[in-house]
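Subject: A structure for you to look at

Hello,

Here is the structure I promised to pass on. Please open it first, and then read my notes below alongside it.

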Amino acid sequence: MAPEEQAGGREDARRTLIEDYLSVWHRDHPGEGCPVSGFAADLGREPGQAARAHDVYTNGVRNRAARPATGDDDGMVQFCTMVGALVLARATRGNPISEELLQAARTALTESGTGQSEPRRRTA
């Protein structure tokens, strides 16, 4: 596979990850989604009482942040934007601002945003 084809494939995978993560479905199904956004506040409150969980969580954050990475960044800012937008969208669910938050983050991270509110595919 040519380098430009590999780059295009990585960009397609990155865009799919962002669109799926920042979807209405993911917002509405926190029990089936990414644990990073679900446990962030809890582990931040009591890091000493859950040292092992805290270490596992921290490693998971680093691994998840690497997924949207591009050649010129490590994915950390992109992942922070995704998690922050999802947490805020969940907190404002039922108000139009909830979907606005998801769309704003999708647009910022993909430069065009598809407006897609449902993931193209879900894996078990």
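Glu19 has a relative accessibility of 0%, so this residue counts as buried. Please keep in mind that the model is predicted. Glu19 also takes part in a salt bridge: its partner is Arg15, and the closest N and O atoms of the two are 3.7 Å apart. That distance qualifies because the cut-off for a salt bridge is 4 Å. The two residues sit four positions apart in helix α1, so about one helical turn separates Glu19 from Arg15. Arg15 is partly exposed, with a relative accessible area of 22%.

How many salt bridges are there in total? The count comes to four.

Another one belongs to helix α1 as well. The side chains of Glu11 and Arg14 meet in a salt bridge, at 2.8 Å from N to O. Helix α1 covers residues 3-21, and because Glu11 and Arg14 are three residues apart in it, about one helical turn lies between them. Glu11 is partly exposed at a relative accessible area of 32%, whereas Arg14 is buried at 9%.

Next, have a look at Asp28. It forms a salt bridge with Arg93, and here the closest N and O atoms are 3.0 Å apart. Asp28 lies in helix α2 (residues 24-28), while Arg93 is in the loop between α5 (76-91) and α6 (96-110), so this pair ties together parts that are 65 residues apart in sequence. With a relative accessibility of 22%, Asp28 counts as partly exposed. Which residues make up the network of salt bridges around Asp28? Arg27, Asp28 and Arg93 are the ones linked in it.

As background, side chains of opposite charge can pair when their charged atoms come close. With that in mind, Arg90 in helix α5 is worth a look. Arg90 is buried and yet has no salt bridge. Asp28 is the nearest side chain of opposite charge, and it is 7.2 Å away. Because a salt bridge needs a nitrogen and a carboxyl oxygen within 4 Å, Arg90 and Asp28 do not count as such a pair. What is Arg90 in contact with, once neighbours within four places in sequence are left aside? The contacts are His26, Arg27, His29, Pro30, Ser37 and Gly38.

Now for the aromatic rings. A search of the whole structure finds one aromatic pair. It consists of Tyr21 and Phe79, with ring centres 6.1 Å apart and planes at 65°, so the pair is edge-to-face. The pair links distant parts of the chain, since Tyr21 is in helix α1 and Phe79 in helix α5, 58 residues apart. Are these two residues buried or exposed? Tyr21 counts as buried at 5% relative accessibility, and Phe79 is buried with a relative accessible area of 4%.

One last residue for you to find is Gln78, which has its place in helix α5. Gln78 counts as buried, at 7% relative accessibility. Setting aside neighbours within four places in sequence, Gln78 is in contact with Arg14, Ile18, Pro68, Ala69, Thr70, Asp73 and Leu109. Arg14 is the residue you met above in the salt bridge with Glu11.

Enjoy exploring, and do write back with any questions.

Best wishes

How values were computed: Residues are numbered from 1 along each chain as its sequence is written. This is a predicted model: local features need pLDDT of at least 70, side-chain atom pairs count only at pLDDT 80 or more; totals for chains, interfaces and linings use all residues. Side-chain values use heavy atoms; hydrogens and water are left out. Buried means under 20% relative accessible area, exposed over 50%, partly exposed in between (1.4 Å probe, protein chains only). Rings of Phe, Tyr and Trp (its six-membered ring) pair if their centres lie within 6.5 Å; planes under 30 degrees apart count as stacked, over 60 as edge-to-face and the rest as tilted. Lys and Arg count as positive and Asp and Glu as negative; His and the chain ends are not counted. Contact means heavy atoms within 4.5 Å.
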